[in-house]
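Reader: I would like to learn how to read a helix that sits where two chains meet, and then how to read the contact around it. Could we work through one case together?

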Protein chains: 2
Amino acid sequence: MSDYIEQDGSGATVGSVAKRSFTFAEPDREMTLESGAALGPITLAYETCGTLNADKSNAVLILHALTGDAHVAGYHRPEDPKPGWWDSMVGPGKGIDTDRYFVICSNVLGSCVGTTGPSSINPATDRPYGGDFPVITITDIVRAQKQLVDHLGIEKLLCVVGGSVGGMQVLEWCARYPDMMVSAIPLATTTRHSAQAIAFNEVARQAIMTDSNWNSGDYYASDNPDMGLAVARMIGHITYLSDEAMGVKFGRKLQDRSALSFEFGGDFQVESYLRYQGKKFVERFDANSFLYITKAADYFDLARDYGAGSLKRAIARFKARFLVVSYTSDWLYPTYQSKEMVKAMKQNNLDVSFCEIKAKWGHDAFLLPGTRLDSLISGFLTGVGDDL
Amino acid sequence: MSDYIEQDGSGATVGSVAKRSFTFAEPDREMTLESGAALGPITLAYETCGTLNADKSNAVLILHALTGDAHVAGYHRPEDPKPGWWDSMVGPGKGIDTDRYFVICSNVLGSCVGTTGPSSINPATDRPYGGDFPVITITDIVRAQKQLVDHLGIEKLLCVVGGSVGGMQVLEWCARYPDMMVSAIPLATTTRHSAQAIAFNEVARQAIMTDSNWNSGDYYASDNPDMGLAVARMIGHITYLSDEAMGVKFGRKLQDRSALSFEFGGDFQVESYLRYQGKKFVERFDANSFLYITKAADYFDLARDYGAGSLKRAIARFKARFLVVSYTSDWLYPTYQSKEMVKAMKQNNLDVSFCEIKAKWGHDAFLLPGTRLDSLISGFLTGVGDDL
């Protein structure tokens, strides 16, 4: 493995992280997208943790959410301030135990962390795609991932797992390639966005697209639409936290002073927190990628794509064994949406376990350590492995 | 009365709407605001409906929400496309019956519909205040309203009533001038914003303040920050509707076509709706006023201002008889916040009726006809009048 590093026992991950990228080309070096547009060649940045066993039966594909990336766990360099985005779940002895499983995580198509996206160079023009990047769908994202899994020589994944927009990819995998996984774990997700979820995404997109720097997506040679992207991120952050969590975390606590400022600089800690989140985000993420991936999420509709409008019919294609998890305080993808999914799975006599975890932290709970999620997943994977 | 018009029986309001403005000056033509800054002279635009009785005991003061104005009911001209903002509630024979009550409604300080606000001319510079307008509070807004009520020669209001930010003004009136009203109706409101409510307001303000046209509030001689204000309004609109209401109203229905566009123009009806709301709003509202009034709402904290942090202690000042109303699907000011208020009223042995109305429409339900609100208010006011 390249870029292999070994961490010492600092309480963080001890194990191997292999950082790689894979470029693939369908006929004529292009992939035909769901929209009919052609895109290619496509590069996927991916990382693996753990070791693929001899019969290639221990691979777990992790699918990241909106702004995630391939770096799911561990450290690239000992001096890195933070490990991968799901380090609390993935590593030796953890919920997804890299001593037992071979973990694969790739950056999604349309993103900006190594995989082909709007900020990549368009080979036809030798300039970044910008607004010429075609609108992609969850289907396109998953079809690209399939190329990677084929490339790794894996015929059947032990599990596909992901939360939020990653959970949509899990469902798409199960519908499109039902014979390619033994099990699947859609977390804090939905089979399609509600009007409210679309509304939040659309307002976030409008914040970006009305930034005078956006320039129809063609901004890579000048200033980025950072202001718009920061506002978009702030909107997102509110939806990731529950009312209760914000109350516990911030309440009406003031920032740095005991009196109101009578100015617009931000009096409350929650204001400073959001501004900071917005500011930090623009340093690591591309505004166009935010537009394209939120659009893909809004378009995702399992019942429409695979069941002519019927979720039961769409899910009839599924063959995996399921663990579905939702959170009581997740108001972006509320539990009722997971229950609709579980109901359709049961109607199709699928083997499904469902757990609604009581947690006050809102949608983001699935990313936080200390919820019951790690033991749930670990137990589920052990059961799945034992039945092989 | 000036600008008096009489409507015929078209099913709309039949009655009188008097449109007036009142300019007042405290010593040296200025009012000292809560911040310590001086502002003045101050003009309040106000309207009245109905007739003040001989002993001036039938006056109902209506307090509008964030983007409302003095035009509460009826029509100014027969050709007006829409009546005042609460025409379903206010008029002859309606919930607030203008055959019986003399209704007063003024545009709040800081707004842009006739009352002094950031777009008004600063007498010190002969230019619009812009960003030099001082930060105002709900206290300042109510103190200005008090000048108007004094000017009208009314010593005791039969009722003060308002929803949302109007409800905050109701509570401020009861705390500051407890002897000036017989009764009060705070609707769909809160004694202080949660962190989540502050967060939504702050993101909306950031959308405005990061619009390159905003120019620290000094834009009246050039282009308005319409893009930012439209995004701010879109954010607001999401919080005014419930998830269920959006599902019923829009769901995933597509706009004008049966297929996805694979473009960013807005596929879903909910997207078009929000864009339309944003666009329409910038034609009637000033971006700076949005900043100042949301800030006043965020600052409002009854317990802090009147009870040294204790809501019970703050509400000990109240003397009015209360009708408190919340809505099941209001997630901006959820019922639990009204219940805290009602609990503190009961702890102080106040005469309080509380009703949580089952309605799926979210926060905006109080503005919609056909809820139980009109009969509740009408019955409450009749009872209050009978006990005089």
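Reader: What covers the buried residues of H6(B)?

Author: In this predicted model, the cover includes helix H3 (195-209) of chain A, together with H4 and H5 of chain B. The partner chain and the helix's own chain thus both appear in that list.

Reader: Which residues of H6(B) are buried?

Author: A residue is taken as buried if 20 or more other C-beta atoms lie within 10 Å of its own C-beta atom. In H6(B) the buried residues are Val270(B), Glu271(B), Tyr273(B), Leu274(B) and Gly278(B). Seen down the axis of H6(B), these buried residues fall within an arc of 165°, so they line one face of the helix.

Reader: What span should the 14 residues of H6(B) have?

Author: The rule allows 1.5 Å a residue, and on that basis H6(B) should span 20 Å; the end C-alpha atoms of H6(B) are 20 Å apart, which agrees.

Reader: Let us turn to the contact itself. How many residues does the contact take from chain B and from chain A?

Author: The size of an interface is often given as the accessible area lost when the parts come together. Here we can count residues instead, and the contact takes 40 residues from chain B and 40 residues from chain A. On the side of chain B that touches chain A, the elements that give two or more residues are helix H3 (195-209), helix H4 (226-240), helix H5 (243-249), helix H6 (269-282) and helix H7 (287-299) of chain B. The largest share of that side, eleven residues, comes from H3(B). Sorted by class, the side of chain B that touches chain A has 23 nonpolar, eight polar and nine charged residues.

Reader: By what turn and shift can chain B be laid on chain A?

Author: A turn of 180° with a shift of 0.0 Å along the axis lays chain B on chain A, with an RMSD of 0.0 Å. That is the relation of a two-fold axis. The same surface serves both copies, as 100% of the contact residues of chain B recur in chain A.

Reader: What radius of gyration does chain A have, with its 388 residues?

Author: A compact globule with 388 residues would have a radius of gyration near 21 Å, and chain A has 21 Å, which agrees. The C-alpha atoms of chain A fill a box of roughly 65 × 50 × 50 Å, taken along the principal axes. Of the 388 residues of chain A, 55% count as buried, and the secondary structure of the chain comes to eleven helices and 14 strands.

How values were computed
Residues are numbered from 1 along each chain as its sequence is written. Chains are lettered from A and ligands numbered from 1 in the order in which they are written. This is a predicted model: local features need pLDDT of at least 70, side-chain atom pairs count only at pLDDT 80 or more; totals for chains, interfaces and linings use all residues. Two residues are in contact if their C-beta atoms, placed from the backbone, lie within 7 Å. Helices (H or I, at least four residues) and strands (E, at least two) are DSSP runs, numbered from the N terminus. Ala, Val, Leu, Ile, Met, Phe, Trp, Tyr, Cys and Pro count as nonpolar, Asp, Glu, Lys and Arg as charged, and the others, Gly among them, as polar. Copies are superposed by least squares on the C-alpha atoms of residues with pLDDT of at least 70 in both. The radius of gyration is taken over C-alpha atoms; the globule rule is 2.2 Å times the number of residues to the power 0.38. A residue is buried if 20 or more other C-beta atoms lie within 10 Å of its own, exposed if 12 or fewer, and partly exposed in between; C-beta atoms are placed from the backbone. The expected span of a helix is 1.5 Å times one less than its number of residues. The arc is that of the directions from the helix axis to the C-beta atoms.
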